[in-house]
Amino acid sequence: MLGDSTMSRKACVIGAGPNGLAAAIVLAQAGMHVDVLEAESTPGGAVRTLGLTLPGFRHDFGSAVFPLGAGSPFFSSLPLIDHGLQWIHSPAALAHPLDDGTALMLERDLNETAGSLGVDGPAWDKLLRPFVEGWSDFAPEILRPVSFAPRHPWLMARFGMVALRSAQSVARRFRSQRTRALFAGLAAHSFLGLDEPLSAAFAILMAVPAHAVGWPIPRGGAQSLTDALCSLLSTLGVRVNISSPVHDLAALANYDLFLCDLTPRQLVRVGGKRLSESYKRKLERYRYGTGVFKVDYALNTPIPWKAADCARAATVHLGGNFEEIAASEKTVRMGGHPDRPFVLLAQPSLFDNSRAPAGKHTAWAYCHVPLGSKSYMLEKLEGQIERFAPGFRDCILARRVFSTADLENMDANLVGGDIGGGVLDLRQSLFRPTWRHYATSARDVYICSASTPPGGGVHGMCGYHAAKMALSRMSRR
Ligand SMILES: Cc1cc2nc3c(=O)[nH]c(=O)nc-3n(C[C@H](O)[C@H](O)[C@H](O)COP(=O)(O)OP(=O)(O)OC[C@H]3O[C@@H](n4cnc5c(N)ncnc54)[C@H](O)[C@@H]3O)c2cc1C
């Protein structure tokens, strides 16, 4: 808690994404008076649920599945269940169908998954078990700035030994093409080429929570998580002011602290003269990553998967084998558009009947495209769904397509359709967005979006760490 003198201080949080809301909670818990200013008419940023197609259908505009939300040390410390959040777990975390009409399943249980992987079961188990069993130590380590003096050195050294490598090199320990395909789909969440360093880290960071905490969806959609955070904030006396875009910090008088849930490009604009020229130049050098092309579907029936097992998982990876997924990701990294893109698909209404009218369904799918791409990928994306679920197009009642520009129009942080707040390669995982991390050149201005450590995903840990840093520095002044 702050001392009496600082308790009367006022903070302004700009942006009501999960990181802005997390920062606001930390500051309000410390006794500060907090205002949250959000540009859009609904809080949540990329954690919103909207009626995007037909009446009665509810779609997650951005994030849909929440391994890091459920596993976040900060969110887990909050009484979000008392504020209406309810996690739903599909029986399996993930399905990865193949052309032979079968599907690999990432079961919630590590033993069960290892058992289903046959000859690769022991290797899968050996790779993941230390992190699954050590999740409560592992999660806080990976969801903060990279530390060269970790609290759990043995665990983190073990992680570093595989994480720094490429998915391609780590996948060599698997003898079956099938296991390699599953690993490739997980690694493709990195938006990196699968032959690039660090891409293996993402496969591990996706697989471990599947076995440790699951890949749940919130009942009612992503908005339920945002609403729970806002409801908690209201009990702390904080109101989220919607339709309140901030154009210039200089126009906001009377605040002692600014926490900006913005990416570097926006911070340069909004920060204006408050930021030094050299700091702004560094922010301008920050690199955004890959974009996405996204489609939301209202469906007449469940998706007619060839592999019936796919109906046991809320998330499905569509891309075929390792080589195909690696080639598709490489094409995108080199600025091209693959004919057979890797597609991430969620089918929440199979497990949550609040998403669609009785008997009807929703689906959410996206593929990776170059930053700012204007290509219309619908045919190619649906081609991949049809490949594993023939007859899919006949189930479509309505669809809503989002180009990279459409995404950015709905949430200014999705620059060029980048959903991760910037490339997360080796350099930008250490210097995110600069060596200062959350601090800026102005001592009362902090950045707290996914463009700070630990990066993209819904976990609120960027906001949590930024607010903790701001409070600690303020208490020393
Ligand atoms: C299509 C898509 C799919 C995704 N899938 C998943 C998933 O399944 N699981 C997962 O964990 N993550 C997923 N993500 C990523 C995740 O949603 C983001 O990493 C996360 O939302 C980042 O949180 P944030 O608070 O940093 O930013 P955002 O959620 O982008 O919030 C930023 C907020 O700031 C507001 N803002 C911007 N500029 C201003 C301004 N000038 N004034 C006032 N307000 C402003 C915006 O309107 C927005 O509300 C997905 C994202 C997208 C877009």
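This briefing covers a sheet, a helix pair and the nonpolar cores of one structure. The model is predicted. Its open sheet has 5 strands, paired in parallel. Helices α2 and α19 cross at roughly 35°. The largest nonpolar core holds 117 residues.

**The sheet**

- The strand order is β9-β2-β1-β10-β16.
- Two strands sit at the edges: β9 (239-241) and β16 (445-447). Each of these pairs on one side only.
- From one strand to the next, the twist averages 20°.
- Strand β1 covers residues 10-14. It is mostly covered, with 4 of its 5 residues buried.
- β1 pairs with β2 through 5 bridges, in the parallel sense. Within this pairing, A11 has V34 of β2 as its bridge partner.
- Strand β2 spans residues 33-37. It is also joined to β9, by 3 bridges, and these two strands run parallel.
- On the β9 side, L37 stands opposite N241.
- In a regular strand, side chains alternate between the two faces of the sheet.

**Helices α2 and α19**

- Helix α2 runs over residues 18-29, and helix α19 over residues 461-476.
- Their axes come within 7 Å.
- The crossing of α2 past α19 is right-handed.
- α2 brings N19, A22, A23, V26 and L27 to the contact. α19 answers with M461, C462, G463, Y464, A467, K468 and L471.
- By type, the contact residues are 9 nonpolar, 2 polar and 1 charged.

**The nonpolar cores**

- Which residues of the largest nonpolar core touch the most other members? They are L27, W124, L186 and L259.
- Helix α11 (residues 199-212) gives this core its largest share, 9 residues.
- Another core lies apart from it, with 31 residues. Among them are I303, A307, L345 and L381.

**L259 and its contacts**

- Leaving out residues up to four places away in sequence, L259 touches C12, V13, I14, A23, L27, Y446, C448, A466, A467 and A470.
- Three of these names also appear in the α2-α19 contact: A23 and L27 from α2, and A467 from α19.
- Strand β1 (residues 10-14) takes in C12, V13 and I14, which L259 touches.
- Edge strand β16 (445-447) takes in Y446, another residue that L259 touches.
- L27 has two roles here: it meets α19 as part of α2, and it is among the core residues that touch the most other members.

Terms used:
Residues numbered from 1 in each chain as written. Predicted model: local features only at pLDDT ≥ 70, side-chain atom pairs only at ≥ 80, totals over all residues. Heavy atoms only, no water. Axes fitted to C-alpha atoms, helices over the stretch in contact; angles between N-to-C directions. Left-handed = near helix turned anticlockwise from the far one by under 90°. Contact = heavy atoms within 4.5 Å. Nonpolar A, V, L, I, M, F, W, Y, C, P; charged D, E, K, R; others polar. Core = buried A, V, L, I, M, F, W, Y, C linked by side-chain atoms within 4.5 Å. Buried < 20%, exposed > 50% of the residue type's maximum accessible area, 1.4 Å probe, protein only. Pairing = 2+ DSSP bridges.
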